[in-house]
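Here are some exercises to work through with the sequence and the 3D view side by side. Try each task before you read its solution.

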Amino acid sequence: MAELDIEMISKEEEDAKEEMNGKVIVVILMGAPGSGKSTFCDNVMKAANRPWVRVCQDTIANGKAGTKAQCIKRAVDALKDGKSVFIDRCNLEREQRSEFVKLGGPEVDVHAVVLDLPARLCITRSVKRTGHEGNLQGGRAAAVVNKMLQKKELPKLSEGFSRITFCQNDIDVQGALDIYTGLGAKNTLPSGCFGQKNPDAKVQQGIMKFLKKAEDSNTKELKANNSHHPVSVDETKGSSVDGSINITSSIDTVNKEVKEEEDLPMYSSVPEVSTLAFPSISTSDFQFNLEKASDIIVEEVEKFLKKIENVRLVLVDLTHRSKILNLVKAKASQTNIDSKKFFTFVGDITQLYTQGGLRCNVIANAANWRLKPGGGGVNAAIFNAAGPALETATEERAGSLNPGSALVVPLPLSSPLYEKEGVTHVIHILGPNMNPNRPNFLNNDYNKGCNVLRKAYSSLFEGFKSIARTQKTIEKGGDEQSVARPLDLDQVLLERRSTNDFPNKDQKMKREDTYESERNKKCKGLQIELGTHHVSKSNDNASVSGPTDATKRNTSFKKEEVGGKTSKTWGSWAQALHHIAINPEKHKNDVIEILDDVVVLNDLYPKARKHLLVLARKDGLDHLADVGAEHLQLLRNMHTVGEKWAKQFSSDDASLIFRLGYHSVPSMRQLHLHVISQDFNSTHLKNKKHWNSFNTAFFRDSVDVIDEISKDGKARLNNDEKLMSMELRCHRCRSAHPNIPRLKSHISNCQAPFPPNLLQEDRLIPPQPRRTETEA
DNA sequence: GTTCTAGAAC
DNA sequence: GTTCTAGAAC
């Protein structure tokens, strides 16, 4: 194929010289997030010699992400207008870009500019960037880039491009920049493929060498196409049956071959298992016998891995010449240790992810007995990389460490080691003291020394197990008490995500799952019962009354013309509250209070820790739009009952603050007053509509509704569609948040006072004086 | 109201 | 891997 391209280049170049037809161009940029597509466009457009329009799907809809169709339309418009177009989206797959290629025609050339930069560079840039329009930030970027590159299909002229420029480094990019910047309105560029180095050359050799090695070791074939393809740990490790070929060897080989291009294959960057990276202890400064030390490491690793599933251990050293590393590697290969669970790795333990693509959530530190920074080697490096936060966190837990002991320190979230590398814990360990100037000097007592070293590793692994086990507990939906600390941590982690930091998806997901199952248990009975009633009584809504002028955009009911008046039919699922209001005695398990004119129940899907509904029992009073002056007393009663319950809850729990109100257009039939605590801490609060229905003008405070009914005979309904799609703002400090998880993370901590409008007119029910035992 | 699904995006 | 959106079904 390369030869063919060269032929085409020379032919097309000749053609180009003859033709100066001033065509417009569509340049389809291709590259992973962080490859520099937007920057490329910006740089060309800054100094361009022809008019350009940049079409970016991330921002095409008034600054927000839009559809492919919108991009096409924008491009077509620009081309009609005589402007050339940059298509700024990833376009890594043939399918994704095919529609844009079709923009080409007699008057329009379609070019590709491929920003085929090292995955690692893209990841680093994606992680670093803060204000990217696509909102791709934090460590998540690594997973994204890796995944996208797995699907990468380099463009071919046969797809319909007249010119393809490959850029594999900054120099290539600059070259392409110059070409497009200098391209005048009347100029055209030669067709063909440019800049493509033999994609299989060096890297492939490296991989092939490794493959050969692996095959020699009686192993399976490794799949790896080229340098930019992520090489997953599983694939690499899977190539080894006996553990004799491990990751270090593969990386080393590849690394040596391609180091000029700084183009390492990426490891699977998202750890599916908890991973501990640890240095060799006591073998550097005070040369513990390496044979003995390596035996101990391998034995302790083997022992530990027999006890626990779903973890990985990685022995790390700075150089592939490391004797201890090679000894351990060799000895491990003689055992039954699963090379997926234990391997050696060459790299800086403080930069395993950013430099080596290996994600380790826990790293061990070869600490000194005072647990202080300094000294040299790993200890200095880790304290240095972790910043002062680690020192403080360590001090809080212990002032010193005995030989053979370990100390688990959760890494403060402000630590760069957490932010950049995703390390959540540092475990300090202290080996036997080989320093003759110290009182507990071993003096070559290797029996004792080996015991201490062994103990150091076993303490380290036990410490690691305690972390891994907690995580596992959450995964399996253990009781909430046992996971209290990780949940707290997760709250903070979520908060950190809002400032572009390393996400901790696993923990987040687990937490949601835990809460979800908890809620389900509580609500199941009601859910089932309500479900039954919808079905059995879905036809009993013949008595629906109440013509209204409310907007009927809500899908919970259909608008019908009956005798010139508008009426509505509610969906069967929207009837549950109506059934309860009409026959509360049939729902004794669900309702918590039945009065003559109202029924009180817990919301089936509470959007906060406490979320009650006060139902009007009057048949035909479906929603706020049906309410008139004649219902004033009923509204007051509903308010009084709701307020009574709110006060009762908040006297039991002083952290609860309540707000009472109605949805302008409810989804469920039967007028109901929401009594909802303002923590909004609930797994059922899942989307923008949920939030905005309680925190925009769509929510009508009960006090205001009563006021309006008494003055005007009707309540104002704020049911503009825009309200539901409004940006997510904290109900306290009014800060804006890009999505629900971040909002929830924020509100879990926000203690700002409520806005003035909520503090007025008794719209909020504040914490009540605590009830005494006798009152309760 | 919810759940489920799919597609699109980063 | 996560988020968002939309549509469909109940």
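Two residues are in contact if their C-beta atoms, placed from the backbone, lie within 7 Å. This is a predicted model, in which local features need pLDDT of at least 70 and side-chain atom pairs count only at pLDDT 80 or more, while totals for chains, interfaces and linings use all residues. Residues are numbered from 1 along each chain as its sequence is written, and chains are lettered from A and ligands numbered from 1 in the order in which they are written.

**Exercise 1. The whole chain**

Task: Find what share of the contacts in chain A with a separation of 6 or more joins residues 24 or more positions apart, and what share of the residues is buried.

Solution: Begin with the contacts: 72% of those with a separation of 6 or more link residues 24 or more positions apart. Next, call a residue buried if 20 or more other C-beta atoms lie within 10 Å of its own, exposed if 12 or fewer, and partly exposed in between. By that rule, 42% of the 776 residues in chain A are buried. Finally, look at the helices (H or I, at least four residues) and strands (E, at least two), which are DSSP runs numbered from the N terminus. Chain A has 26 helices and 23 strands.

**Exercise 2. A parallel sheet**

Task: Trace the open sheet with parallel pairing and say which strands stand at its edges.

Solution: Strands pair if DSSP finds at least two bridges between them. Six strands follow the order E2-E3-E1-E4-E5-E6. Strand E2 (52-56) and E6 are the edges; each has a single partner strand, so one side of each is left without a neighbour in the sheet. From one strand to the next, the twist averages 15°.

Now step inward. Strand E1 (residues 24-30) is joined to E3 (residues 84-88) by three bridges and to E4 by seven. Val-26 stands opposite Val-85 in E3 and also opposite Val-110 in E4. Five bridges join E4 to E5, with Val-113 opposite Thr-165 in E5. E4 is largely enclosed by the rest of the structure because seven of its eight residues are buried.

Last, add a helix: H3 (residues 68-80) lies across E1, E2, E3 and E4, at about 165° to E3. Such angles run from 0 to 180 degrees between N-to-C directions, with axes fitted to C-alpha atoms, for helices over the stretch in contact.

**Exercise 3. A mixed sheet**

Task: Find the open sheet with mixed pairing and describe a parallel pair inside it.

Solution: The order here is E9-E8-E7-E10-E12-E11. E9 (342-346) and E11 (406-410) each have a single partner strand, so one side of each lacks a neighbour in the sheet. The twist averages 25° from one strand to the next. Within the sheet, E10 (residues 362-366) and E12 (residues 425-429) run parallel over five bridges, and Ile-363 faces Val-426 in E12.

**Exercise 4. The nonpolar cores**

Task: Which residues have the most contacts inside the largest nonpolar core?

Solution: A nonpolar core is a set of buried Ala, Val, Leu, Ile, Met, Phe, Trp, Tyr and Cys residues joined through C-beta atoms within 7 Å. The largest has 64 residues, and Val-314, Ile-429 and Leu-460 have the most contacts inside it. Helix H17 (residues 446-475) supplies its largest share, nine residues. A second, separate core of 49 residues includes Val-44, Cys-56, Leu-103 and Ala-141.
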